[in-house]
Amino acid sequence: MANNAKNQKTINFQDIFYIVKKNWIVEIILFVLVVALGFVYTKINTDYHQAKADVVLRAEIGSSSSSYNDTVLSKMYLETMSQLIMGDAIVERASEIYGAEEIYAGNISVKYTEDSLLMTVFYNDNLPEKAVDKLNSIILACQEMTE
């Protein structure tokens, strides 16, 4: 046991400071390189723009005149509609409507509160015009699907 204690090496703060002081040029070069790469990455990485649309859900129960039941039913549809909007069927149909480029489900986000009939749909793209046009295509695809 005493043999193991003699064979163990310890390092103290003076040794670390000596190593840092000895290799300061290499460390400065690495620091500058990392900062330069970060700067280049931020210049290459494009900004994105977000289009936003508020959608009011309305569920109709045949010829029922009970607006209370329609409201409750619409509130129940919030989660289903949010999943439907980001689903493959809507995304594929919206891509067909938009035509030029494909619409990606990963760029779509939906926000709602359970006590409201209002759902907010967002679409992110690198150009503001494209974001708005693609979001309009998604909403048209939803309207087609629910009619």
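This report describes a predicted model of one protein, from its overall layout down to single residues.

## Overall layout

The secondary structure consists of six helices and three strands. Along the sequence, these elements follow the order α-α-α-β-α-α-β-β-α.

The protein has 147 residues, and 21% of them count as buried. Among contacts between residues at least 6 apart in sequence, 63% join residues at least 24 apart.

## The strands

Strand β3 pairs with both β1 and β2. Eight bridges join β1 to β3, and these two strands run antiparallel. Strand β2, residues 108-112, is also antiparallel to β3, with five bridges between them. β2 and β3 form a hairpin, and five residues lie between the two strands.

Particular residues can be used to follow the pairing. On the β1 side, Ala51 stands opposite Tyr123 of β3. On the β2 side, Ser109 stands opposite Phe122 of β3, and Tyr112 stands opposite Met119 of β3. β3 itself is mostly covered, with seven of its eight residues buried.

## The nonpolar core

In soluble globular proteins, nonpolar side chains tend to be buried together. The largest nonpolar core of this model has 19 residues. Those with the most contacts inside the core are Ile85, Ile108, Met119, Val121, Tyr123, Leu135 and Ile138. At least two core residues come from each of β1 (49-56), α4 (67-85), α5 (88-98), β3 (118-125) and α6. The largest share, five residues, is supplied by α6.

Ile108 shows how parts of the chain meet. Leaving aside residues up to four places away in sequence, Ile108 touches Ile85, Met86, Val91, Val121, Phe122, Tyr123 and Ile138.

## Helix α5 and Ser95

The buried residues of α5 are Ile90, Val91, Ala94 and Ser95. These residues lie on the same side of α5, because the arc they cover around the axis is only 135 degrees. Asp88, Glu92 and Glu96 are exposed on the other side of α5. Just after the helix, Gly99 takes a positive phi of about 90 degrees.

Ser95 belongs to helix α5. Its relative accessibility is 13%, so Ser95 counts as buried, the cut-off being under 20%. The side chain of Ser95 reaches the backbone nitrogen of Ile103 at 3.0 Å. Not counting residues up to four places away in sequence, Ser95 touches Glu101, Glu102 and Ile103.

## Helix α6

Helix α6 spans residues 128-146. It has 19 residues and reaches 27 Å from its first C-alpha to its last, close to the 27 Å expected at 1.5 Å a residue. The buried residues in α6 are Ala131, Lys134, Leu135, Ser137, Ile138, Ala141 and Cys142. They cover an arc of only 155 degrees around the axis, and therefore lie on the same side of α6. Leu135 and Ile138 also appear among the core residues with the most contacts inside the core.

## Lys134 and Asp133

Two neighbouring positions in α6 can be compared with the cut-offs for burial. Lys134 is found in helix α6. With a relative accessible area of 2%, Lys134 is buried. Apart from residues up to four places away in sequence, Lys134 touches Tyr98, Glu101, Glu102, Ile103, Tyr123 and Asp125. Glu101, Glu102 and Ile103 are also touched by Ser95 of α5.

Asp133 lies in helix α6 as well. Its relative accessible area is 38%, so Asp133 is partly exposed; this class lies between the buried limit of under 20% and the exposed limit of over 50%. Asp133 and Tyr123 are 10 residues apart along the chain, and their C-alpha atoms are separated by 9.6 Å. Tyr123 is one of the residues touched by Lys134.

Technical notes: Residues numbered from 1 in each chain as written. Predicted model: local features only at pLDDT ≥ 70, side-chain atom pairs only at ≥ 80, totals over all residues. Heavy atoms only, no water. Helix = DSSP H or I, 4+ residues; strand = E, 2+ residues; numbered from the N terminus. Buried < 20%, exposed > 50% of the residue type's maximum accessible area, 1.4 Å probe, protein only. Core = buried A, V, L, I, M, F, W, Y, C linked by side-chain atoms within 4.5 Å. Contact = heavy atoms within 4.5 Å. Polar contact = N/O pair within 3.5 Å; in protein donor to acceptor, adjacent residues only side chain to side chain. Arc of directions from axis to C-beta. Pairing = 2+ DSSP bridges. Expected span 1.5 Å × (residues − 1).
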